[in-house]
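Subject: Structure handover

Hello,

Here is the structure for your files. Please open it beside this email and follow along; the notes on what was found come after it.

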Amino acid sequence: MMLNLTDVLLDDQRIETEVQIESDRLDFSFGSFPITRKTPVLLVIQKKDPSHLVIEGKAEIETEIPCDRCLDSVTALLQLDFRETVPAGAGDGPDQVPQGSEEEDEDDESSFDPDCFLEGYHLDVDKLLFGEALLNWPSRVLCKEDCKGLCPVCGQNLNHGDCGCERKALDPRMAKVLDVFSKFKEV
Ligand SMILES: [Zn+2]
Ligand SMILES: [Zn+2]
């Protein structure tokens with residue numbers, strides 16, 4: 001949803017609010033993931049100085065990510081707890097907040113592009129959350145530490161039992177030889 005930031009930007013008020021996440025999917029360039037559970041976002045927004053806002057937020061998003069090895073869905077909990085300093089007056093607000101120093105903030109360590117979630121005097125909460133979800137995305141997703149993965153020959157999920165394929169033959173030349181042998185046996 002779009003949160004109106006006029007009170008913060010023009011009247012220097014501090015906003016503390018709970019906002020519902022509207023989306024039911026996380027859409028990224030590398031895939032689309034269902035949001036299976038979500039808490040409201042707790043947001044605190046205030047001016048840091050004339051040209052910067054501080055946005056603090058907390059939320060939990062549960063999603064399903066395919067296991068890196070067997071592609072089974074794995075429930076992943078993204079615990080978002082962030083503090084972003086962003087330039088105030090990004091976008092095309094009716095009255096641009098006077099631009100102060102353009103120096104980068106030292107405590108702003110993220111490579112965040114506020115243009116994508118600040119539109120004029122409005123904050124696109126879902127977009128902000130998507131960015132934070134991405135920063136908290138697990139680098140490795142396994143359904144279990146010793147996931148056996150998929151059989152490279154027939155594609156069966158080996159956690160559900162062995163398919164009986166001869167998987168030592170990973171070398172394609174070797175696989176061809178074995179094919180010949182199995183055809184020979186069938187005759
Ligand atoms: Zn797995
Ligand atoms: Zn197999």
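The zinc ion (ligand 2) is held by four protein donors, Cys 151 (SG), Cys 154 (SG), Cys 163 (SG) and Cys 165 (SG), which lie 2.2 to 2.3 Å from the ion. Donors are N, O and S atoms within 2.8 Å of the metal (3.2 Å for Na, K and Ca); water is not among the atoms, so sites may look incomplete. This is a predicted model, in which local features need pLDDT of at least 70 and side-chain atom pairs count only at pLDDT 80 or more, while totals for chains, interfaces and linings use all residues. Residues are numbered from 1 along each chain as its sequence is written, chains are lettered from A and ligands numbered from 1 in the order in which they are written, and side-chain values use heavy atoms, with hydrogens and water left out.

The site of ligand 2 is tetrahedral, with angles of 107 to 112° among its four donor atoms. Four donors count as tetrahedral if all angles lie between 85 and 135 degrees. Along the chain, the donors of this zinc ion follow the spacing C-x2-C-x8-C-x1-C. Cys 154 counts as partly exposed because its relative accessibility is 45%, and Cys 163 also counts as partly exposed, at 25%. (Buried means under 20% relative accessible area, exposed over 50%, partly exposed in between, with a 1.4 Å probe and protein chains only.)

The zinc ion (ligand 1) has the donors Cys 67 (SG), Cys 70 (SG), Cys 143 (SG) and Cys 147 (SG), lying 2.3 Å from the ion. Its site is tetrahedral too, with angles of 105 to 116° among the four donor atoms. The donor residues are spaced C-x2-C-x72-C-x3-C in sequence. Cys 70 lies in the loop between β6 and β7 (73–87), and Cys 147 in the loop between α2 (125–135) and α3 (172–186), so the pair ties together parts that are 77 residues apart in sequence. Both Cys 70 and Cys 147 are buried.

As for the fold, the protein has three helices and nine strands. Helices (H or I, at least four residues) and strands (E, at least two) are DSSP runs, numbered from the N terminus. Strand β3 (residues 25–28) pairs with strand β4 (residues 31–38) in the antiparallel sense over four bridges; two strands pair if DSSP finds at least two bridges between them. A hairpin of two residues joins β3 to β4, and Phe 28 has Gly 31 in β4 as its bridge partner.

Regards

Methods: Tetrahedral: all angles 85-135°; square planar, octahedral: opposite > 155°, others 65-115°.
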